[in-house]
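User: Please take a close look at one helix of this model and describe how it sits within the rest of the chain. A connected account would be preferred to a list.

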Amino acid sequence: MDLRKRSVTAGRAWWAPRRCAPNFDICDPHPVFVAQHATATCCRGCLETWHGIPKGRPLDAAEQARIAAILMLWIGRDAARRR
Ligand SMILES: [Zn+2]
């Protein structure tokens, strides 16, 4: 599965009403998981606080696309930093 698809599917699961991931200390987190926490797109609480997207309603297609784009941008920059 390519990263863009993974960004969207991971996002859909995480963007359900829930809190941040309880444990960040897993050994080999998926890049999207790391990116979601680096960009505060990990849960609806962070989306509301940091991105101004209110809880209590589904994300629309434009919001999902915007968040996936943020994740891809962050992952690309992170990869460049590591080179
Ligand atoms: Zn969060």
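**Helix 4 in its setting**

Analyst: From the N terminus on, the elements of the protein chain follow the order α-α-α-α. The chain thus described is a predicted model, and it has four helices and zero strands. The average pLDDT of the protein chain is 82, and 70% of the residues score at least 70. Confidence varies among the elements: helix 1 (residues 3–14) has the lowest mean pLDDT, 65, while helix 3 has the highest, 96. Buried residues make up 20% of the 83 residues in the chain. Of the contacts with a separation of 6 or more, 70% are accounted for by residues 24 or more positions apart.

Helix 4 is the part to examine closely. It has 22 residues and reaches 32 Å from its first C-alpha to its last, close to the 32 Å expected at 1.5 Å a residue. Four residues of helix 4 are buried, namely Ile-67, Ala-68, Leu-71 and Ile-75. Viewed down the axis of helix 4, its buried residues fall within an arc of 100 degrees, so they line one face of the helix. The face turned away from this buried side carries the exposed residues Ala-62, Ala-65, Ala-69, Leu-73, Gly-76, Arg-77, Ala-80 and Arg-81.

One residue of the exposed face can be considered individually. Ala-69 lies in helix 4 and counts as exposed because 12 other C-beta atoms lie within 10 Å, the cut-off for this class being 12 or fewer. Ala-69 also has a distant partner in sequence: its C-alpha atom and that of Arg-4, 65 residues apart along the chain, are separated by 8.3 Å.

The buried side of helix 4 leads to the nonpolar core. The largest such core has six residues: Val-32, Ala-35, Ile-67, Ala-68, Leu-71 and Ile-75. Helix 2 (31–38) and helix 4 (61–82) each supply at least two of these residues, and the largest share, four residues, comes from helix 4. As a general background, nonpolar side chains tend to be buried together in soluble globular proteins.

Helix 2 shows a one-sided arrangement of its own. Its buried residues are Val-32, Ala-35 and Gln-36. These cover an arc of only 105 degrees around the axis, which puts them on the same side of helix 2. Val-32 and Ala-35 are members of the largest nonpolar core, as are Ile-67, Ala-68, Leu-71 and Ile-75, which are the buried residues named above for helix 4.

The segment that follows helix 2 deserves a remark on its backbone. Just after helix 2, Ala-40 takes a positive phi of about 55 degrees, although Ala-40 is not a glycine. Ala-40 lies in the loop between helix 2 and helix 3. With 16 other C-beta atoms within 10 Å, Ala-40 is partly exposed.

Beyond that loop, Trp-50 is found in helix 3 (residues 44–51). Trp-50 counts as exposed because it has 12 C-beta neighbours inside 10 Å. The C-alpha atoms of Trp-50 and Thr-39, eleven residues apart along the chain, are separated by 8.9 Å.

To return to helix 4: its buried residues line one face, its contribution to the largest nonpolar core is four residues, and the face turned away from the buried side carries exposed residues that include Ala-69, Arg-77 and Arg-81.

Technical notes:
Residues numbered from 1 in each chain as written. Predicted model: local features only at pLDDT ≥ 70, side-chain atom pairs only at ≥ 80, totals over all residues. Core = buried A, V, L, I, M, F, W, Y, C linked by C-beta atoms within 7 Å. Helix = DSSP H or I, 4+ residues; strand = E, 2+ residues; numbered from the N terminus. Expected span 1.5 Å × (residues − 1). Arc of directions from axis to C-beta. Contact = placed C-beta atoms within 7 Å. pLDDT = per-residue confidence, 0-100.
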